[in-house]
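Biologist: I've got a fresh model open and I'd like to talk through its cysteines, its rings and a few odd backbone spots. Can you pull it up so we can go through it together?

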Amino acid sequence: MTMNTCRFPSADSPVRSRLVRFIAMLLVVFSNPAVFAQATAAKACGADETAPGIVLYGQICHLQNSYANWTGGYLDVRDSGCNGNTLCVSTAEFDNRDRGSGSWMILPVNVSTKKGAPVIHGDHVYLVNQYPASTGSGDGAPGGYLDARGEGCQSNVLCVSTSLKKDTSVNSSSWMILPMDGVQSGKPVKLNQEINFQNRKTINGIHTYLDVRANTCQQNWLCVSTSVDANRDNGSGTWRFLGTVPSR
């Protein structure tokens, strides 16, 4: 009877060399709590040690709506196919209802802006949902870009959903961050600051604002669409970035 033996790569094998370096790196990371925390928190909104509380491009955030004293819920995706797009958008009572459904990566529209740069009041941004709706076949993350497509939802102006490819029409996935008080224009966006999101798609020559109106869309909390008014009803168009748990 012959015995099968497992042979490891020789000491000078490139495969073995890479394996040794990889294991050494894991030992450094996991044996040093500070290094591990920094690595896992890299994408958590406002968690960068060099800019605490500042929202940076490439970070993943929750967005809370201020309707009726911040009871408007968290921007969320649930169900699919709304307005011919990928996922339906509404708000949820919880910030992470289902596998990243309430988490959004913030990316710059301006291609010269690098990840890790601070988000500035007045910037045009993309918001990319983190729910694993796809394997990434589009040009965005699995959950798709927050996008304005279709008209008249909930008696508002534009319908809101996500698309795996940005801008289903001109600037429909581009959102301008505007400070509530106007004083913050040109300054970095911070966690918990009250902001509006103005969609850069024009309809009848005007821009509209991300808004909540009506309830129980997709069996979620509040429905999301756009309004001509930045604050249509009791804070319905006001939002704030909140931190997320470290990404896994």
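Biologist: Let's start with Cys153 and Cys159: are they buried or exposed?
Modeller: Keep in mind that this is a predicted model. A disulfide joins Cys153 to Cys159, with 1.9 Å from S to S. The torsion about that S-S bond is about 95 degrees, so the disulfide is right-handed. As for Cys153 and Cys159 themselves, both are buried.

Biologist: How many disulfides turn up in the whole structure?
Modeller: Cys153 with Cys159 is one of them, and Cys82 with Cys88 is another, their sulfur atoms 2.0 Å apart. Counting bonded cysteines along the chain, the pattern reads 1-2, 3-4, 5-6, 7-8. A search of the whole structure gives 4.

Biologist: Sticking with Cys82 and Cys88, what is the torsion about their S-S bond?
Modeller: Cys82 has a relative accessible area of 19%, and buried means under 20%, so Cys82 is buried. Cys88 is buried as well, at 1% relative accessibility. The disulfide between Cys82 and Cys88 is right-handed, because the torsion about its S-S bond is about 90 degrees.

Biologist: And Cys45 with Cys61: how many residues apart in sequence are the parts this pair ties together?
Modeller: These two are joined by a disulfide, S to S 2.1 Å, and it is right-handed because its torsion is about 75 degrees. Cys45 counts as buried at 4% relative accessibility, and Cys61 is buried at 0%. Cys45 lies in the loop between α2 (33-40) and β1 (60-65), while Cys61 is in strand β1, so the parts tied together are 16 residues apart.

Biologist: Now the rings. Which strands hold Tyr126 and Tyr145?
Modeller: The whole structure has 2 aromatic pairs. One of them is Tyr126 with Tyr145, edge-to-face, at 5.3 Å centre to centre and 75 degrees between the planes. Tyr126 counts as buried at 8% relative accessibility, and Tyr145 does at 4%. The pair ties together parts 19 residues apart in sequence, because Tyr126 lies in strand β5 and Tyr145 in strand β6.

Biologist: Then Phe197 and Phe241: how far apart are their ring centres?
Modeller: Phe197 is in strand β9 and Phe241 in strand β12, so this pair ties together parts that are 44 residues apart in sequence. Phe197 is buried at 0% relative accessible area, and Phe241 counts as buried at 1%. Their planes sit at 85 degrees, so the pair is edge-to-face, with the centres 5.9 Å apart.

Biologist: Which residue lies over the face of Trp70?
Modeller: Here we are looking at a charge over a ring. The distance to the ring centre of Trp70 is 3.9 Å, and the residue is Arg240.

Biologist: Last stop, the loop between β10 and β11. What is the phi of Gln218?
Modeller: Gln218 sits in the loop between β10 (206-215) and β11 (222-227). Most residues other than glycine have a negative phi. Gln218 goes the other way, with a positive phi of about 50 degrees.

Biologist: And Gln219: what is its relative accessible area?
Modeller: Gln219 lies in that loop between β10 and β11 too. Its phi is positive as well, near 60 degrees, in a residue other than glycine. Exposed means over 50%, so Gln219 is exposed, with a relative accessible area of 68%.

How values were computed: Residues numbered from 1 in each chain as written. Predicted model: local features only at pLDDT ≥ 70, side-chain atom pairs only at ≥ 80, totals over all residues. Heavy atoms only, no water. Helix = DSSP H or I, 4+ residues; strand = E, 2+ residues; numbered from the N terminus. Buried < 20%, exposed > 50% of the residue type's maximum accessible area, 1.4 Å probe, protein only. Disulfide = S-S within 2.5 Å. Phe/Tyr/Trp six-rings, centres within 6.5 Å; stacked < 30°, edge-to-face > 60°. Lys NZ or Arg CZ within 6 Å of the ring centre and 35° of its normal.
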